[in-house]
Amino acid sequence: MKNYKILKMCFLCTALCVGATELAAQQTPIFTVYRDQWSLLNPAALSGHYVLNNRTMTLSATWREQWWNVPESPRTQWLNWEWVQEEFNSVWGVALLNDRTGKIGQTGVYGRYAYRMEMGRRTTHTLTIGLHAGLVQYRAKVSEIEFPNPADVALSNVTTLRPDIGMGAFYQHSDKYYVGISVPQTFGFFTPFRQENFEIGIRRVPHAYLVLGGYLDTPWLGNTTSFAEPSLWLKYAPGGGLNADANVRLQVSELVWAGTGLNVSMGQAPGMTLHAEAGVLLGEQVRIADGQLKIGFGFDVGLTHGAGRSLGNSAELNVSYAWK
């Protein structure tokens with residue numbers, strides 16, 4: 001139990017700055033099956049349902065539970081709707097995000113718009129520029145936090161609203177290769193909670209993402225619907241250092257896909273995590289004539305000693321439905 005209290009204080013420090021000391025870390029949600037969360041990573045990115053199967057409308061939901069061994073560990077819920085309006089080269093979207101770590105939580109509502117520009121004559125190139133904007137409610141149950149010094153002045157719970165903007169660019173070549181850059185959390189600010197000579201507050205910092213990958217043919221599997229998707233996701237946050245996800249996903253058949261990969265943290269707390277994922281893609285098999293139902297599951301296992309294994313495993317479930 002003592003170790004749990006120490007870990008809970010570590011969670012608090014990643015989100016808060018106490019007194020004159022400022023700490024920063026990864027603040028935006030992270031995902032194992034991030035290729036199914038493109039619009040959260042980059043408002044200019046398009047759903048795989050559209051890129052691979054030309055489904056212009058997508059509704060998806062994700063639930064993620066992180067670090068099972070720790071009480072009040074990070075939990076994330078994500079609900080997203082996307083519409084590719086082909087006749088106007090436009091992409092529209094609305095999303096709801098809920099994220100909580102310990103006594104600190106946030107809930108945001110976002111609207112999204114992106115514009116696609118066709119490039120090239122002999123080969124198909126597209127460059128998409130996107131923007132999402134929303135309002136985020138931050139919650140801090142400060143009165144329930146157990147500080148090391150019991151003589152600390154008790155603070156009241158705080159709820160505050162802040163605007164948020166994210167922007168990005170996404171380039172695709174022949175629907176096979178892609179690269180994107182984004183700043184999903186643009187605004188940086190500090191929200192203090194003061195009482196007498198004691199101060200604690202939430203410091204939000206900008207993040208920078210880079211994603212690249214592609215869809216490679218796999219004729220050795222003996223069917224025309226299979227492919228491999230290697231990808232790389234680089235994340236940087238001031239104070240949190242560089243974090244990288246390298247993965248490969250294999251569409252084994254029209255129905256089944258599976259993948260694996262590795263996360264490497266090169267920041268203040270270096271470590272490695274093993275990813276595994278699998279899922280099914282259903283359509284005519286379940287008598288859905290014009291739509292697709294995709295169900296995916298991701299699992300993370302810490303490989304390094306210390307906090308990586310002590311915190312426990314993580315898992316997430318993603319369900320999406322796409323139609324024309």
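In this predicted model, the rings of the aromatic side chains form 10 aromatic pairs. One of them joins Tyr209 and Trp233, whose ring centres lie 5.4 Å apart with the planes at 90°, so the pair is edge-to-face, given that an angle over 60 degrees counts as such. This pair links distant parts of the chain, since Tyr209 belongs to strand β11 (residues 208-214) and Trp233 to strand β13, with their positions 24 residues apart in the numbering. Both partners are buried: Tyr209 has a relative accessible area of 5%, and Trp233 has one of 0%, where under 20% is the limit for the term.

Tyr209 and Trp233 also belong to a cluster, in which ring pairs connect them with Tyr34, Trp38, Phe170, Tyr178, Tyr215 and Phe227. Tyr34, a member of this cluster, has a charged neighbour as well, for Arg35 lies over the face of its ring at 4.5 Å from the ring centre. Elsewhere, Lys294 is placed over the face of Trp257, at 5.4 Å from the centre of that ring.

The second largest pocket, to which we now turn, has a volume of about 840 Å³. It is lined by 47 residues, of which Gly48, Leu52, Asn53, Leu281 and Gln292 are the closest to its centre. Helices and strands both contribute to this lining, and among the elements that each supply at least two residues are α2 (38-41), β2 (57-65), β13 (227-237) and β17 (291-302), while α3 gives the largest share, with five residues. In chemical character, the lining divides into 21 polar, 14 nonpolar and 12 charged residues.

Conventions:
Residues numbered from 1 in each chain as written. Predicted model: local features only at pLDDT ≥ 70, side-chain atom pairs only at ≥ 80, totals over all residues. Heavy atoms only, no water. 1 Å grid on protein atoms, 1.4 Å probe; cavity = no way out; pocket = protein on both sides within 12 Å on 5 of 7 lines; lining within 4 Å. Points joined across faces, edges and corners; volume = space filled by probe spheres on them. Helix = DSSP H or I, 4+ residues; strand = E, 2+ residues; numbered from the N terminus. Nonpolar A, V, L, I, M, F, W, Y, C, P; charged D, E, K, R; others polar. Phe/Tyr/Trp six-rings, centres within 6.5 Å; stacked < 30°, edge-to-face > 60°. Buried < 20%, exposed > 50% of the residue type's maximum accessible area, 1.4 Å probe, protein only. Lys NZ or Arg CZ within 6 Å of the ring centre and 35° of its normal.
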